[in-house]
Amino acid sequence: MNRVCILNVVGLTPRLAALAPRISERGNPLAWKSPIPAVTCTSQATMLTGKMPRDHGIVGNGWYFRETAEIRFWQQHNALIQGDKFYDGVETAKMFWWFNQSAPVRWSCTPKPHYGCDGSKAFDVLDFTDCNLTQKLGPFPFFAFWGPGAGLASSKWIAEATAMVMRKQKPQLSMVYLPHLDYDYQRFPDHDPQRVAEVDACAGLVIDAADEIGAEVVVVSEYGLVPVNKAVMINQHLRRAGMLTVRNGPFGEMLMPGESRAFAVVDHQLAHLYVNDPTVLGEVRKLLESIDGIASVVAPGDLQLDHPRSGEWIALAEPDAWFAYYYWLDDSQAPDFARCVDIHRKPGYDPCELFMTSKVRAGIRLAQKKLGMRYKMDVIPLDPTLVRGSHGLHPAAEDGPMILGPDSPPDQMAGFKDYLGRLLA
């Protein structure tokens, strides 16, 4: 049996790999081309299936569900990906890769909080590894996985857990997701080499386990992050043009996508434009093309995004810009979730969740929680100028995603499924 371990080191590029000795000792990093948008869910779906978004249907980290008039981000169910995956029929351990829930793999672990009827939430993971990970490693550090405290602890826990599963279960295929570079590289424009050294040490824990069980190591990344200095408020432009509808209420203004003539679902440097009123298709495109920070507005088919889940238009940001989801025109009318880490309620990706308005305020909210009081963790700033890194487009090759592995790795993510099949054969 041939064994393979796939290390998905988010944000690692050919340029940065030179600063990662444990990774680079396995071979030379090669640039490879992602789909657009170059974001987690779309890139992973292309790697898993060998298909482009028009075929696998993962058109972003989130999209508009027309059947229910809801915008949903970060859905985890495996059935959302349309197409066969490379782990079908392979004894696999899938550790924190996306679309992990109900995946047909032998062992897996993925984040999954518990939700109470009173709105409370208890953080936990779904652990199907037979390794009792939280008993041995302690609770998964959710606050280091996303939010203002996101950092090294989550990647270290995932690496230690993966190494434990590999040594005990000896899977034919091991898949591990290390997100560490995704955090500070969105917070700051400069790529601190220390972050690379830290994630390289995490990768080393998995590489050691791979060597012990005789697994070939393949290192991939989904995208490279680039400096940005401009947030494009695309939904505010649509609202001022009379295209976007909101409902005001006790919890602020709420976007009404089903009642809007047009609105944008933003995802880093790409936005899907959903146009419910076909008579304004041309007007919407003309408006968007006039907005500073938008490089182009194209039909989905131009990017192999022509899937029913896509918008009627796709807006691409300038290389130094990104799309903010804000649709309110006055911060006093912002919805209550805007100031919280709330990845499932927000109708677009919000990197401001990596920042905090006040540690004192956060401490007060935690005290309220411990006392059993109702509270909301409203500590996220409404200041998109804080965000200094993004992704989603095709940057220069040395600053884009990379692959490292034996036997002539592909230069396109769409070739990864066949490549992995050769390694496992």
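1. A good place to start is Gly-400, which sits in the loop between β21 (389-390) and β22 (402-404) of this predicted model. Is this glycine buried or exposed? Gly-400 counts as buried because its relative accessible area is 3%, and the cut-off is under 20%.

2. Have a look at what surrounds that loop residue. Setting aside residues up to four places away in sequence, Gly-400 touches Leu-12, Thr-13, Pro-14, Tyr-223, Gly-224 and Pro-395. Lys-33 is worth finding too: 367 residues separate Lys-33 from Gly-400 in sequence, yet their C-alpha atoms are 7.9 Å apart in space.

3. Leu-12, one of the residues touching Gly-400, also leads on to the core. The largest nonpolar core has 142 residues, and Leu-12 is among those with the most contacts inside it, along with Ile-6, Leu-7, Phe-96, Leu-178, Ile-234 and Phe-416. Helix α8 (residues 193-213) supplies the largest share of this core, with 9 residues.

4. Leu-178 makes a handy viewpoint within that core. Which residues does Leu-178 contact, leaving aside neighbours within four places in sequence? Its partners are Leu-7, Asn-8, Val-9 and Val-10, then Ser-155, Ile-158 and Ala-159, and finally Val-199, Cys-202 and Ala-203.

5. Next, please turn to strand β6 (residues 107-111), where 5 of the 5 residues are buried. In a regular strand, side chains alternate between the two faces of the sheet. Here both faces are covered: Trp-107, Cys-109 and Pro-111 lie on one side, with Ser-108 and Thr-110 on the other, and all of them are buried.

6. The partners of β6 are easy to trace. Strand β5 (residues 92-95) pairs with β6 in the parallel sense over 3 bridges, while strand β9 (residues 125-127) runs antiparallel to β6 and is joined to it by 3 bridges. Cys-109 is a useful landmark for both pairings: this β6 residue stands opposite Met-95 and also opposite Asp-127 in β9.

7. Last comes the empty space inside. The structure holds 1 cavity of 30 Å³ or more, and the largest cavity encloses about 40 Å³. Its lining is made up of Cys-41, Gly-60, Asn-61, Gly-62, Trp-63, Phe-65, Arg-72, Phe-73, Trp-74, Gln-75 and Phe-99. The elements giving two or more residues to this lining are β3 (62-65) and β4 (70-73), and the largest share, 3 residues, comes from β3. Sorted by class, the lining has 6 nonpolar, 4 polar and 1 charged residues.

Technical notes: Residues numbered from 1 in each chain as written. Predicted model: local features only at pLDDT ≥ 70, side-chain atom pairs only at ≥ 80, totals over all residues. Heavy atoms only, no water. Core = buried A, V, L, I, M, F, W, Y, C linked by side-chain atoms within 4.5 Å. Buried < 20%, exposed > 50% of the residue type's maximum accessible area, 1.4 Å probe, protein only. Helix = DSSP H or I, 4+ residues; strand = E, 2+ residues; numbered from the N terminus. Contact = heavy atoms within 4.5 Å. Pairing = 2+ DSSP bridges. 1 Å grid on protein atoms, 1.4 Å probe; cavity = no way out; pocket = protein on both sides within 12 Å on 5 of 7 lines; lining within 4 Å. Points joined across faces, edges and corners; volume = space filled by probe spheres on them. Nonpolar A, V, L, I, M, F, W, Y, C, P; charged D, E, K, R; others polar.
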